[in-house]
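Please open the model in your viewer, with residue selection and distance labels ready to use. The stops below each begin with something to select and then describe what is there.

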Amino acid sequence: MKIYAPLSALHTVACFAAKDDIRYYLNSVRVEASPIQTRFTATDGCCAGMLRTAQENEGIDGAITILIPIDIVKAAKKAKNNCDALVIETADGKTGTLAVVGGVSINWAAVDGTYPTIARVIPAQASGEPAQFNPELIAKFAQAQKIASGSKTAFPHFWHNGTNGTAVTLCGQYHDDFTGVIMPLREPKDRMAFADYRAPAWALEDVAQVIDKQD
């Protein structure tokens, strides 16, 4: 079986994979392939990304799912000719090679585990209610956007959804083919309402005014 995809698609999704997690199956990228589509999914349990590309995959009857270790994925560097093509080849779905066209070819052994069904947490709609997020998770989407678009001026869009999972989309070539989700931080019980916010008086004063008051 031969599974085709852009290398940038794999690396975009790899941003969301866990590393050294006790839930070992999260330290991978899930590859799903049919005769006409390749889909990548990754999650660290707090955020996730899923990306599809239309492909003419070979030797697949129905569909196949493989969990490829994240270390293998990250080792697949773009070739010097800047080719963005990737071929995953396997005979049994358990072992095979991951080859960058014009570049490296890496042997892999699939992770043996049950991957979570990310589709269950992707929100069907967005409420628009704002939420707070772990900045480290936001940074993962920023990195994914940079890989996907190759631009430093494109940014992911967060479809706020209150205390529920927030959908995330990317700009550029994968806009219609990527979906992500990020879980908001749990709000403390003593969290102040937006209406309670007031700018601190000291920040609005000139330093000289502070000195005058002390005199």
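Select Val-101 to begin, and you will find this residue in the loop between β7 and β8, where helices (H or I, at least four residues) and strands (E, at least two) are DSSP runs numbered from the N terminus. The model is a predicted one, in which local features need pLDDT of at least 70 and side-chain atom pairs count only at pLDDT 80 or more, while totals for chains, interfaces and linings use all residues. Residues are numbered from 1 along each chain as its sequence is written, and side-chain values use heavy atoms, with hydrogens and water left out.

Val-101 has a relative accessible area of 36% and is therefore partly exposed; buried means under 20% relative accessible area, exposed means over 50%, and partly exposed lies in between, with a 1.4 Å probe and protein chains only. Now show its surroundings: Val-101 touches Ala-79, Asn-81, Cys-83, Ala-85, Leu-86 and Val-87, not counting residues up to four places away in sequence, a contact being heavy atoms within 4.5 Å. If you add Lys-78, you will see that its C-alpha is 8.5 Å from that of Val-101, although the two are 23 residues apart in sequence.

**The strands on either side of the loop**

Select β7, residues 95-100, and colour its two faces separately: Gly-96, Leu-98 and Val-100 make up the covered face, whereas Thr-95, Thr-97 and Ala-99 make up the uncovered one. In a regular strand the side chains alternate between the two faces of the sheet.

Extend the selection to β8 (residues 105-109), which runs antiparallel to β7 and is joined to it by five bridges; strands count as paired if DSSP finds at least two bridges between them. Here Thr-95 has Ala-109 in β8 as its bridge partner, and in the hairpin, with four residues between the strands, Gly-102 takes a positive phi near 80°.

On the other side, select β6 (residues 85-90), which pairs with β7 in the antiparallel sense over five bridges. The hairpin of β6 and β7 also has four residues between the strands, and its Gly-93 takes a positive phi near 80°.

**Into the core**

Which residue of β7 does Ile-88 stand opposite? Select Ile-88 and look across to Leu-98. Ile-88 also touches Met-1, Lys-2, Ile-3, Val-31, Phe-40, Ile-68, Thr-97 and Trp-108, among others, when residues up to four places away in sequence are not counted.

Ile-88 and Leu-98 are among the residues with the most contacts inside the largest nonpolar core, together with Val-29, Phe-40 and Ile-68, and this core has 49 residues. The term stands for a set of buried Ala, Val, Leu, Ile, Met, Phe, Trp, Tyr and Cys residues joined through side-chain atoms within 4.5 Å. The largest share of this core, five residues, comes from α1.

While α1 is in view, select His-11, which lies in this helix. The side chain of His-11 reaches the backbone oxygen of Val-73 at 3.3 Å, a polar contact being a pair of N or O atoms within 3.5 Å in which, within protein, one must be able to donate a hydrogen and the other to accept it, and residues adjacent in sequence count only if both atoms are side-chain atoms.

**Helix α3 and what lies beneath**

Next select α3, residues 135-149, and pick out Leu-137, Phe-141, Ala-144, Gln-145 and Ala-148, which are buried. Seen down the axis of α3, these buried residues fall within an arc of 100°, so they line one face of the helix; the arc is that of the directions from the helix axis to the C-beta atoms. The face turned away from this buried side carries the exposed residues Pro-135 and Glu-136.

At the N-terminal end, Asn-134 caps α3, with a side-chain oxygen 2.8 Å from the backbone nitrogen of Glu-136. Just after the helix, Gly-150 takes a positive phi of about 70°.

Now show α1, β4, β9, β10 and β11, against which the buried residues of α3 pack. In β11, four of the five residues are buried. Select Gly-180 in β11 as the last stop: Gly-49 stands opposite this residue, and so does Val-168. β11 runs antiparallel both to β4, with five bridges, and to β10, with three.
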